[in-house]
Amino acid sequence: MHIFEDNLKRIESGTLMDSKRSFIKEKVCHLGILLSVLTGLAIPVSTSLTSLLSIGVLLCWFVSGQYFVTFELVKKYRVASASLIFFGFLALGLLYTPESLSVATRNLFKYRQFLLIPIYLSFFLDPKSRLRGIQMFEWAMIVTLIVSIIYAFIPTVDVNSDIFNRSVFKNRITQNILMAFLFYLAAWKFLEKPGRRWPYAILSLVAAYNIIAMVPGRSGYLALGVFICLLMYQKLGYKGIIPAIICVGGVGILAYNQSAIFHSRINQVITEIKEYRVSQKRQSGVNLRLEFYENSLCIAKSNPLFGSGTGSFSLKYHQLTQEKEQISTANPHNEYIMLLVQNGAIGVCLFLYFFWVGWRATQLMTGFDQAVGQAVLAVYFVGCFVNSMMLDTTEGNLFGFLVGLSLAGGISALEQKQKPTLLESSAENEEQSVVGSAA
């Protein structure tokens, strides 16, 4: 007995589909799976292509009738329902925002990945499609890594150019975050079978070197540290916490002493934090971010529960900075603070609830699906403290894609967990029926 009933059936590949679906709709469904897989290739390469594929996935989902599957997922799988609840609450913020409806709607649309997650879940039920989706992402990042290394041998004097920063398809910050995912995927595969997968060890080391010594992006450093700690936890459990701290500390010390880029970026952070209270000149870097945080928390005090409304951050912050004669911004570079200002404590709690539900779902899973699911949840949970990662197009799309892909593996695990309960319930009913007949 499956958790999905009625007109839905499970075919041999593991794909859930409507048993009454026509041949054409079935082919459209498979096209949707293909487009979902190709999204993994598009996200690190092109925003426009990612958007086109997302539209294609949405159309295939609707035409094929795969929304029946999504509806069942929302009813039975907490990850799907939590995703829609969070987006729905953000949509309610349109009702009381002081910003124009067009601007507020554009802001809401930046969180579209939470609408796409239930759709990706329905298209990634087949384990083969999940594997291919990750492989597409890996190939895109391997190409990025190769070109980034080639850039190191091209002379340039423009410090703001992509070639100087060794960033290929995305800006240096985004590329470092994506490259950290490549490091994790390669390192995990190597650690699973060290004797047979030694090329992955080389790939993970080269990816780590690219992050630390070639591309200036502190968010990538943070993501790399999170992934190292997560790998230790996944392989050693809580006993891996101390080795993880030692490993991250050792890598940090080595990088600080050997990498000029890493050394300068870390020194800049330390200097700007020390100068924050004494300096009034906050034009860039950490100083300006700390100012964003401080001012944003002041704004949040006026509407702590529901916030000022979806899309209202830029307007509210501009009003405050006009009074203080400070630099205005539309992005506080902290997802939790952004949600606190716009959607209040309830919005932040629903956001955290999604992470909690997602992490609980991974605990029922095993293997690669569990590893990827925990990786994306862990790095985004931490990364959102220093960046508005859901607002950034590439990072937001990657989150929706990887969450939908990996946590789709939890559906079969949930089904297996519910089987004993269903069997016990059936046995009790039969027992009661026998007793009733005897009476």
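## The nonpolar core

The largest nonpolar core holds 107 residues, and those that touch the most other members are Tyr111, Phe114, Phe181, Tyr380 and Phe399. Keep in mind as you look around that this is a predicted model.

Tyr380 is a good place to begin exploring. Which residues does Tyr380 touch, leaving out those up to four places away in sequence? They are Phe181, Tyr336, Phe355, Met389, Met390, Glu395, Leu398 and Phe399. Phe181 and Phe399 thus appear both as contacts of Tyr380 and among the core members that touch the most others.

## The largest pocket

Let us turn to the open spaces. The largest pocket encloses about 640 Å³. Its lining is made of 24 residues, and nearest the centre lie Arg218, Ser219, Val269, Val286 and Arg289.

Four helices each supply at least two residues of this lining: H9 (172–192), H11 (218–236), H13 (260–275) and H14 (285–300). H14 has the largest share, with seven residues. By class, the lining of the largest pocket comprises 13 nonpolar, seven polar and four charged residues.

## The second largest pocket

The second largest pocket has a volume of about 530 Å³. Here 23 residues form the lining, and Phe183, Leu205, Ala208, Ile228 and Val251 are the closest to the centre.

Which elements give two or more residues to this lining? They are H9, H10 (198–214), H11 and H12 (241–258). H10 gives the most, with seven residues. The lining of the second largest pocket counts 19 nonpolar residues, three polar ones and one charged one. If you are following helices from one pocket to the next, H9 and H11 contribute to the lining of the largest pocket and also to that of the second largest.

## Two closed cavities

How many cavities of 30 Å³ or more does a search of the whole structure find? The search finds two.

The largest cavity has a volume of about 50 Å³. Around it are Ile177, Ser219, Leu222, Ala223, Val379, Gly383, Val386, Asn387 and Met389. H11 and H17 (367–383) are the elements that give two or more residues to this lining, and H11 gives the most, with three. Six of the lining residues of the largest cavity are nonpolar and three are polar, with no charged residues. Two names here may look familiar: Ser219 also lies among the residues nearest the centre of the largest pocket, and Met389 is also one of the contacts of Tyr380.

The second largest cavity has a volume of about 30 Å³. Pro44, Met141, Thr144, Phe169, Lys170, Gln175 and Leu178 line it. Two or more of these residues come from each of H7 (127–151) and H9. The lining of the second largest cavity divides into four nonpolar residues, two polar and one charged.

## The buried side of H3

Finally, take a look at helix H3, which runs over residues 67–76. Which of its residues are buried? Val69, Thr70, Glu72 and Leu73 are. These four lie on the same side of H3 because they cover an arc of only 160° around the axis. The spacing fits a general rule: an α-helix has 3.6 residues a turn, so residues three or four places apart point the same way.

How values were computed
Residues numbered from 1 in each chain as written. Predicted model: local features only at pLDDT ≥ 70, side-chain atom pairs only at ≥ 80, totals over all residues. Heavy atoms only, no water. 1 Å grid on protein atoms, 1.4 Å probe; cavity = no way out; pocket = protein on both sides within 12 Å on 5 of 7 lines; lining within 4 Å. Points joined across faces, edges and corners; volume = space filled by probe spheres on them. Nonpolar A, V, L, I, M, F, W, Y, C, P; charged D, E, K, R; others polar. Core = buried A, V, L, I, M, F, W, Y, C linked by side-chain atoms within 4.5 Å. Buried < 20%, exposed > 50% of the residue type's maximum accessible area, 1.4 Å probe, protein only. Contact = heavy atoms within 4.5 Å. Arc of directions from axis to C-beta.
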